[in-house]
Amino acid sequence: MFFKPLKHLSIILLCSCVYIGASNEPHPIIWSPLLDLTNHTQVISIQYSDEGEAHVVTPREELRLFEGLRRLEINDALYWMNGPLVYREEEWKITNVDLENTLAPLLSKIPPPLAKRPFVVVIDPGHGGHDPGAIVDEHQEKDIVLDAALLLQTKLEDVGISAKLTRTNDTFIVLEDRPVLARQLGASIFISIHANQAANGMAAGIESFILPAANFPGTSNTPAPYQQSMTANRFDVQNLLLADALQRPMIRATGTFDRGVKRERFAVLRDAPCPAVLIEIGFMSNPTDLANMLDPAWMKTLTEALRDGILTIKPEYTKSL
Ligand SMILES: [Zn+2]
């Protein structure tokens, strides 16, 4: 299982060059052996199949990584790394950024220390006013996500958490103003809520987006330039743990298809003054997803799952208060 034919090596190197090889890249990618995971968590075994799949077993988790892909499976949850699993210099490697800021925190669940202050959740319903977002039949994304945001606010206030919205009615806010509002409202965490639309009516499920690490493309391969570090990149680890804390309960509670924790340089994420996530709660273009989002009982389940996720990470933000 540990044998890796050398004939694959040239192909893998070629793939990774095409993938990462920006010509004026300011910071070369540092690759770390996957085996270095043992420096961060207890590892029971690591095995590699001939098809290029890495299978890592820890006391609590099973991980699967795939040659040439950024896909990462931990138990039943799906994440997207910044870079792929590659075979280089006769070793399986991932980027140092993913070792330190993706795998290690997801497995150890120990985030770096945060500035402690009153805990405020800022919820950002997408779109509004003359910007309806997605439209399917008579239904508009701006209305669905406002309903979700208002309900989540109530659920949080019911358990004593301060929750504020970037908009509470059908008004338009430019994207760049939303992180500014988050700062003014004293956000500890920032959650932007959207609903998806796709040409393929079969596309379904919930996904969460965080900022990619500096120097890496988004999950959908956003074109360069993407090298520069953005304001919210200082929260890379907390962004991931926040998304994880929301995505898992949403999937578990609703039984909706898990599209995973992905990475894109969305405007509301780039300049966030705090850990931030953009969640897409379903596809309006999918009849089942749309019916769910229009069903008050489903929306209650979803927002209670979000509340529960927020409750799990709240202590990290308030420990010393
Ligand atoms: Zn949207």
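Visitor: How many residues does the largest nonpolar core have?
Guide: A nonpolar core is a set of buried Ala, Val, Leu, Ile, Met, Phe, Trp, Tyr and Cys residues joined through C-beta atoms within 7 Å. A residue is buried if 20 or more other C-beta atoms lie within 10 Å of its own, exposed if 12 or fewer, and partly exposed in between, with C-beta atoms placed from the backbone. In this predicted model, Phe 190, Leu 269 and Val 277 have the most contacts inside the largest core, and its residues number 76.

Visitor: Which helix gives the largest share of this core?
Guide: Helices (H or I, at least four residues) and strands (E, at least two) are DSSP runs, numbered from the N terminus. The largest share is eight residues, and the helix that gives them, at residues 236–254, is α5.

Visitor: Where does this core lie relative to domain 1 and domain 2?
Guide: Domain bounds come from an automatic or database domain assignment, which puts domain 1 at 7–108 and domain 2 at 120–318. Both give residues to the core, so the core lies between them.

Visitor: What pLDDT do local features need?
Guide: Residues are numbered from 1 along each chain as its sequence is written. Totals for chains, interfaces and linings use all residues of the predicted model, side-chain atom pairs count only at pLDDT 80 or more, and for local features the pLDDT needed is at least 70.

Visitor: What percentage of contacts between residues at least 6 apart in sequence join residues at least 24 apart?
Guide: Two residues are in contact if their C-beta atoms, placed from the backbone, lie within 7 Å. The protein chain has 321 residues, 43% of them buried, with eight helices and 16 strands. Of its contacts at 6 or more apart, the share that joins residues at least 24 apart is 73%.

Visitor: Which residues of helix α5 does Val 277 touch?
Guide: Leaving out residues up to four places away in sequence, Val 277 touches Ile 191, Ser 208, Phe 209 and Ile 210. Helix α5 spans residues 236–254. The other residues that Val 277 touches fall in that span: Asn 239, Leu 242, Ala 243 and Leu 246.

Visitor: Which residue of β15 is the bridge partner of Ile 210?
Guide: Two strands pair if DSSP finds at least two bridges between them. Strand β14 (residues 206–210) and β15 pair in the parallel sense over five bridges. In β15 (residues 258–263), five of the six residues are buried, and the partner of Ile 210 is Arg 263.

Visitor: Which residues of strand β4 are buried?
Guide: The side chains of β4 (residues 62–66) alternate between two faces. Glu 62, Arg 64 and Phe 66 point to one face and are not buried. The buried ones point to the other face: Leu 63 and Leu 65.

Visitor: Which residue in β5 does Arg 64 stand opposite?
Guide: On one side, β4 pairs with β3 in the antiparallel sense over five bridges, where Arg 64 is the partner of His 55. With β5 (residues 71–74), β4 pairs in the antiparallel sense over three bridges. There the residue opposite Arg 64 is Glu 73.

Visitor: Where do the buried residues of helix α4 fall, seen down its axis?
Guide: The buried residues of α4 (residues 177–184) are Arg 178, Pro 179 and Ala 182. They line one face of the helix, because the directions from the helix axis to their C-beta atoms fall within an arc of 100°.

Visitor: Is Lys 164 exposed, partly exposed or buried?
Guide: Lys 164 lies in strand β12 (residues 162–165) and touches Val 120, Val 122 and Leu 185, not counting residues up to four places away in sequence. Its C-beta neighbours inside 10 Å number 18, so Lys 164 counts as partly exposed.

Visitor: What is the average twist in the open sheet β1-β8-β7?
Guide: The sheet has three strands with antiparallel pairing. Its edge strands, β1 (31–33) and β7 (86–88), each pair on one side only. Axes are lines fitted to C-alpha atoms, for helices over the stretch in contact, and angles run from 0 to 180 degrees between N-to-C directions. From one strand to the next, the twist averages 50°.

Visitor: What angle does the direction of helix α2 make with that of β8?
Guide: Helix α2 (residues 96–108) packs on the sheet, touching β1 and β8. The buried residues of α2, including Val 97, Leu 103 and Leu 106, pack against β1, β5, β8 and α5. The angle between the directions of α2 and β8 is about 65°.
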